[in-house]
Structure formats: C-alpha cells, structure tokens
Amino acid sequence: MILACHNLNKAFGEQIIVKDGSFHIEEHEKAALIGLNGAGKSTILKMIMGELPADDGEIILAKGKTIGYLSQHQKLESGNTIYEEVKIAKSDIIKLENQIRSIEIELKHLKGEALEKRLQTYHHLTASFERANGYAYESEIIGVLKGLGFSEEDFKKSVDTLSGGQKTRVSLGKLLLTKPDILLLDEPTNHLDLNSISWLETYLSNYPGAVLIVSHDRYFLNRVVTKVIEVEQGNIMMFLGNYTAFAQKKSLVREAKLKEYMKQQQEIKHQEAVIEKLRSFNREKSIRRAESREKMLNKMTLVDKPTDINSEFHLSLEPSCISGNDVLTVEHLSKSFDSLKLFQDISFEIKRGEHVAVIGDNGTGKTTLLKILNEVQTADSGIFTLGTNVHIGYYDQEHHVLHMEKTIFDEISDDYPDLTNTQIRNTLAAFLFTGDDVYKQIKDLSGGERGRVSLAKLMLSEANFLILDEPTNHLDITSKEILEKALNDYSGTILYVSHDRYFINQTATRILDLVNHTFVNYIGNYDYYLEKKEELTAAYTNVNINNTFTIAPESENKLDWKAQKEQQAKERKRQNDLRKIEEKISVLETRDSEIDDLMTQEEFYTNSVKCRELSEEKANIIQELEVLYENWEKLAE
C-alpha cells in the first residue's frame with residue numbers, strides 16, 4: 001500500500017465534503033476519484049498534498065515514497081522556454097551527466113592511485129546514469145512534449161506567453177518526467193486533443209508507479225483505471241474495475257438499497273396500521289401492545305432512501321416543427337487565418353435525424369466551422385445551404401451567446417418574453433437554479449453553471465437542428481448522462497464538436513474527422529471510427545485532398561493491390577531498419593562495456609595515451625548511441 005486515507009472528515013461551514021471517509025491506493029495501482037461537481041474531489045487531493053488541512057482523520061504516504069500533483073490551474077512565469085521548463089524534471093540526470101563529463105576530462109591528467117579512485121567514482125556515476133536511463137532523457141522529453149500535442153516549433157516558446165491550457169500541458173509533461181511513486185492528476189485530459197488523450201492513456205497504463213485521477217472523461221477512465229473511488233454526499237465508496245464496471249455495480253448497490261428502503265417503509269406502514277388498530281380497540285391490553293410496538297418502531301434504525309441524482313437536473317429537447325430531409329449542404333468551403341490553413345474545399349451533407357460528431361486535433365478548425373454555419377464568422381470561399389423549415393439551436397462552448405451583464409432570469413425572459421415568471425422559474429429550477437440563484441449575473445457563474453444556462457436556452461428554443469460546440473465541457477458525469485439521454489431521445493438533427501469519446505460513442509451515428517484540411521467520413525460511432533481509421537487513412541493518402549472519403553459498415557472499401565504492395569514494402573523496410581539499428585546498438589553497447597573493463601586494467605589506466613583514446617572512443621559511442629536510440633524510437637512508433 002502506497003497511500004492510505006483513514007476516517008477523513010472535512011467541511012466548509014455546513015457543507016460536508018467528506019465524513020469518516022476511507023480509501024487506499026496500492027503500489028502500481030491506477031485509480032479514479034469521481035463524483036458530482038462540488039462533491040469535494042479536488043479538496044481531497046489538496047488534503048493529501050497538505051495544501052488544505054483535514055478536520056479529522058489521517059493521511060499516510062508509505063515511507064520513502066514520492067508524490068506528484070497536477071492541479072487544474074497552473075501559474076508558470078519562469079521566463080523559460082517550454083523545452084527548458086520541462087527539462088527541469090531531469091535536473092538530477094543532467095547534473096550527473098555534467099559530473100561524468102568533468103571526470104572524463106580529469107582522467108586524462110591522473111595516474112596511479114588517484115586515477116584508480118577517480119575511476120571508481122566514474123563507474124559508480126555512469127552506472128547510476130544508465131539506471132536512470134540517462135542516455136535517452138532528451139528523447140524522453142521530446143516524446144512527452146510531442147505526445148501532449150506540442151510541435152518542435154513550440155519548444156522555443158516562452159511559458160510566460162502560453163494560455164492557461166498550454167501551461168497545464170507543460171506542467172503535466174514536467175510532472176510525468178519526474179516519475180514520482182504516485183501521481184495525483186486533477187482533470188489531466190482538459191486541454192488535450194484526442195490524439196494526446198490517447199497517448200496519455202498509454203503512458204499512464206504503462207506507468208510504473210501508482211496514479212490517482214480526478215476526471216469526468218469516462219472513456220479515458222475505462223482505458224486506464226482498475227479501481228473507482230466515489231465521493232457522494234460526503235460518503236466514500238470503493239469499487240474494483242473500470243468506469244463501466246463501477247456504473248454497473250453502483251446500479252446494483254442502489255437497487256439493493258432502494259429495495260431495503262422500500263421493504264422497511266412497507267414494514268413501518270404495516271406497524272403503524274397495527275398500532276392504530278390496537279389503539280382503536282381501546283382496551284388496556286391492546287393499548288399496552290400498541291405502546292410496545294410503538295417503542296420498537298421508535299428504536300428502528302431507519303434506512304436512508306437512495307438519492308436519485310438524475311432526477312434533479314431535467315433536460316428535454318423537442319423541436320417545434322419537422323424540417324425537410326436535406327438539413328445542411330456544405331459546398332467547397334475553405335477557411336484560413338493568415339498563413340494558417342484550417343480546411344480547404346470541403347463538401348458534405350447532413351440529413352434529417354442524423355447525429356454527426358466533428359472530431360480532429362486542436363487548431364484544425366472544428367469550432368470555426370460551427371461559427372461559420374451560425375454566421376458568427378465568414379468563410380473565405382464556398383457556400384452552405386440550410387434546408388426547408390430548418391431552425392438552428394446553437395450551443396457555444398465559450399458562451400458568447402450569453403450576456404455577461406444580465407442575470408440568469410433576464411437572460412431567459414429577454415429571449416423568451418412570452419414566458420411567465422412562473423414558467424421561467426420552473427425552467428431554471430429544472431437546471432438547478434432556484435430561489436435567489438436566478439438573480440445571479442452570468443459573469444459570476446462557473447463554467448458548469450453557464451453551460452446549464454445555455455442548455456436551458458437550447459431546450460426553450462425548440463430548434464430542429466442543434467449545433468453544439470463541446471457541450472460536455474464543465475459537466476460532471478451525471479449531467480453528461482442526462483444530456484446523452486436527451487440527445488438520443490431528440491427527434492431533430494444534431495451536428496456537434498466534442499473531445500468526449502464516451503459521449504461520442506453514446507450519441508453519434510456518424511463521424512467527420514477533420515484531418516489534413518479536409519473531412520474523412522465514418523458511418524458509425526467512435527469505436528467504429530477507431531476500428532476503421534487506420535484502414536481508411538492508408539487509403540486516403542492515395543486520393544485527391546479535395547475528396548471526402550467515406551467508409552460504412554455495409555460497404556467496407558479495400559485497399560487496391562498497388563496500395564497494399566506499397567504498404568507492405570514500407571513495413572518491410574521499417575522492420576529491416578529497426579533490425580539494423582538494434583544490431584548496431586548491441587555492438588556499441590558491447591564495446592562500451594569492454595572499454596569499462598579495459599579501463600580497470602593496469603596496462604590501460606597507467607598509460608595516459610591509451611586511457612585518453614579509450615575515453616574519446618567511449619564519448620563517441622555514447623553520442624552515437626543517443627542518435628540510434630532516438631532513431632529506433634521513431635521507427636518503433
């Protein structure tokens with residue numbers, strides 16, 4: 001066991017965060033800490049890190065173990081470049097390398113006992129350097145930065161000029177490279193695109209230490225964790241398995257508790273009826289019996305009714321009228337910002353009832369496309385046409401459709417003047433805004449609260465074509481599930497941008513992947529997209545960039561004979577190059593060990609010329625190995 005929390009208690013005034021909560025993390029275990037927004041997940045991480053004191057209980061980190069923490073908000077103002085900032089994580093290895101280089105210079109001028117003593121130190125340091133994978137630390141830094149979505153051009157950017165999301169990615173990279181025994185990660189997938197999230201999944205799954213993750217990304221949790229720790233109304237429960245296993249077990253636990261509660265309520269009603277009947281007899285014995293039963297009833301330990309959180313937040317989407325079959329037609333659309341080309345000559349259609357998800361890396365133009373369709377921005381060329389009776393409802397992830405200076409109540413009443421005060425209040429109550437909350441200004445709301453206001457306006461719009469930009473941002477898992485159900489029950493048409501793969505899997509019937517400035521079309525959900533992506537991408541590289549390539553379950557395209565041969569030839573070359581590099585690495589590593597043995601022999605360490613020659617040869621070997629290791633990694637990927 002690497003971390004244990006026993007009987008934790010924490011409250012802010014009357015708000016109980018955790019009450020007598022206990023959980024533990026084993027060595028090498030990957031665990032998730034989940035719960036509603038405001039349940040106290042981040043607070044628990046801060047208590048573990050000592051940033052907030054617990055009211056009671058104890059937190060125990062195994063002796064000699066190190067811990068690393070990524071909070072949601074980072075302040076990086078060091079003046080370093082991205083590469084320099086992340087390189088700090090390897091300062092111990094760099095210091096060791098500098099010592100080794102310094103000793104190598106010294107060895108040229110030493111002899112006898114002094115040389116032997118210095119050689120012992122040298123061997124000790126080089127052994128430590130090798131154990132720390134010192135020869136590959138620069139490749140490791142580059143690999144992590146690229147995995148998190150930074151290009152080599154980005155490496156030279158000052159961290160002071162980065163956005164909050166970019167700073168979080170830099171901090172995450174730096175933390176991963178320090179390799180603590182246990183990682184605490186608070187929403188690590190925020191600000192990452194799909195490729196970076198996929199890379200992080202692989203990295204954490206293979207991470208040698210333990211990991212505790214706070215995340216609302218259910219697909220990510222399914223791929224990484226083997227234990228789920230839930231915080232609900234101050235209580236902590238542990239479930240073995242990934243998120244799907246947790247959801248199934250949670251449902252079974254809730255059903256059992258509800259059954260127990262209903263059975264007890266039935267028993268209470270029965271006893272109350274018996275007591276009332278005995279009293280109605282108005283006899284001494286019957287009254288005594290009634291009193292005896294009443295005492296037993298009062299001593300009964302009441303079972304709490306399981307809370308049905310899904311019933312608190314209500315979302316129902318229904319169009320006011322049916323659109324024509326052709327909802328949206330996009331023809332030859334292009335958009336660039338100065339020298340940055342987003343997409344070029346794209347064409348596609350959306351039919352009534354389709355649920356289309358737009359995916360792609362950050363910065364490829366997904367949000368810009370939605371803004372063009374909502375006439376917030378203009379395209380450089382091309383046109384789009386809406387079908388008959390199409391009425392758009394737009395959800396903007398930056399909430400520009402909300403007016404920051406208005407109250408929540410005014411935001412609704414100004415857009416829907418026909419609604420009565422009672423109707424507005426009832427609508428807002430369905431989105432968890434009650435009492436004086438409705439008079440809060442939009443600018444004072446959290447991201448999740450603004451999202452709920454936007455969803456309320458979307459529901460009232462009665463639109464038959466929903467265009468949604470990252471609708472699950474800032475929503476907790478329960479709210480996401482409510483939104484998923486509402487969208488799946490919706491009879492209109494949906495086009496949305498999302499990085500939430502679980503959400504896409506649940507709601508999409510078709511995926512448009514924005515890659516290389518154009519769209520690749522997949523008829524299916526996210527799992528189907530993953531299955532077919534490699535096959536379609538290989539085929540796509542052999543067609544004109546202006547085409548939109550489609551693959552569907554009922555018509556799976558096959559690579560032609562020539563493309564297959566080219567692919568096989570490339571793979572054979574890659575395997576051959578890998579083998580050659582591995583053989584060369586083996587030869588050099590063997591020679592490196594031989595040099596180490598030779599330098600311990602008297603005929604060499606007493607001969608300054610031979611010693612210098614061996615040192616120079618060793619330095620050249622190390623330099624060549626570094627290049628070979630880097631080339632091997634690229635080919636292996």
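Begin by selecting helix 15, residues 477–489, in this predicted model, and colour its buried positions, which are Ile-477, Thr-478, Ser-479, Lys-480, Ile-482, Leu-483, Glu-484, Ala-486 and Leu-487. With the helix still selected, place a distance between its end C-alpha atoms, which are 18 Å apart; this agrees with the 18 Å that its 13 residues should span at 1.5 Å a residue. Then step back to Asp-476, where a side-chain oxygen comes to within 3.3 Å of the backbone nitrogen of Thr-478 at the start of helix 15.

**The cavity**

Next, select Tyr-490, one of the residues that line the largest cavity. The structure holds one cavity of 30 Å³ or more, and the volume of the largest cavity is about 30 Å³. To display its lining, add Leu-317, Glu-318, Leu-458, Met-459, Ser-461, Glu-462, Ala-463 and Leu-466 to Tyr-490. Which helix gives the most to this lining? It is helix 14, residues 447–461, with three residues. If you colour the lining by residue class, you will find six nonpolar residues, one polar residue and two charged residues.

**The tyrosine cluster**

Move on to Tyr-219, Tyr-522, Tyr-526 and Tyr-529, which ring pairs link into a cluster. Across the whole structure, a search finds 13 aromatic pairs. In the pair formed by Tyr-526 and Tyr-529, the ring centres are 5.2 Å apart and the planes stand at 45°, so the pair is tilted. Both of these tyrosines lie in helix 17, residues 526–540, where Tyr-526 and Tyr-529 are three residues apart, about one turn of the helix. Are these two residues buried or exposed? Tyr-526 is buried, and Tyr-529 is buried as well.

**An enclosed helix**

Now select helix 11, residues 366–373, in which eight of the eight residues are buried, so that the helix is largely enclosed by the rest of the structure. Showing the side chains here brings up Lys-366, Thr-367, Thr-368, Leu-369, Leu-370, Lys-371, Ile-372 and Leu-373, so lysines and threonines are listed as buried alongside leucines and an isoleucine. Just after helix 11, pause at Glu-375, whose phi is positive, at about 60°.

**Positive phi in two strands**

Two further residues invite a look at the backbone. Select His-332, found in strand 10, residues 326–337, and note that its phi is near 55°, a positive value in a residue other than glycine. His-332 counts as partly exposed, because its relative accessibility is 48%. Then go to Asp-345 in strand 11, residues 340–351, where phi is also positive and near 55°, again in a residue other than glycine. Is Asp-345 buried or exposed? With a relative accessible area of 19%, Asp-345 is buried, the cut-off for that class being under 20%.

**Three glutamates**

The last close views are of glutamates, beginning with Glu-230 in strand 8, residues 227–232. Glu-230 counts as buried, at 9% relative accessibility, and if you also show Lys-250 you can follow a polar contact of 2.8 Å between the two side chains.

For the next stop, select Glu-153, which has its place in the loop between helix 5 (137–147) and helix 6 (164–178). Glu-153 is exposed, with a relative accessible area of 63%, and its side chain is joined to that of Ser-151 by a polar contact of 3.2 Å.

Finally, select Glu-84, which lies in helix 2, residues 82–87, and which counts as partly exposed at 42% relative accessibility. Add Phe-155 to the view: the two residues are 71 residues apart along the chain, and their C-alpha atoms are separated by 8.3 Å.

**The whole protein**

To end, clear the selections and zoom out to the full model, in which the protein has 20 helices and 19 strands. Taken along the principal axes, the C-alpha atoms fill a box of roughly 115 × 75 × 50 Å. If you colour the whole protein by relative accessible area, 46% of its 637 residues will count as buried.

Definitions and conventions: Residues are numbered from 1 along each chain as its sequence is written. This is a predicted model: local features need pLDDT of at least 70, side-chain atom pairs count only at pLDDT 80 or more; totals for chains, interfaces and linings use all residues. Side-chain values use heavy atoms; hydrogens and water are left out. Helices (H or I, at least four residues) and strands (E, at least two) are DSSP runs, numbered from the N terminus. The expected span of a helix is 1.5 Å times one less than its number of residues. Buried means under 20% relative accessible area, exposed over 50%, partly exposed in between (1.4 Å probe, protein chains only). A polar contact is a pair of N or O atoms within 3.5 Å; within protein, one must be able to donate a hydrogen and the other to accept it, and residues adjacent in sequence count only if both atoms are side-chain atoms. On a 1 Å grid over the protein atoms alone, a cavity is a set of points where a 1.4 Å probe fits but cannot get out, and a pocket is an open set with protein on both sides within 12 Å along at least five of seven lines; lining residues have an atom within 4 Å of a point. Grid points are joined across faces, edges and corners, and a volume is the space filled by probe spheres set on the points. Ala, Val, Leu, Ile, Met, Phe, Trp, Tyr, Cys and Pro count as nonpolar, Asp, Glu, Lys and Arg as charged, and the others, Gly among them, as polar. Rings of Phe, Tyr and Trp (its six-membered ring) pair if their centres lie within 6.5 Å; planes under 30 degrees apart count as stacked, over 60 as edge-to-face and the rest as tilted.
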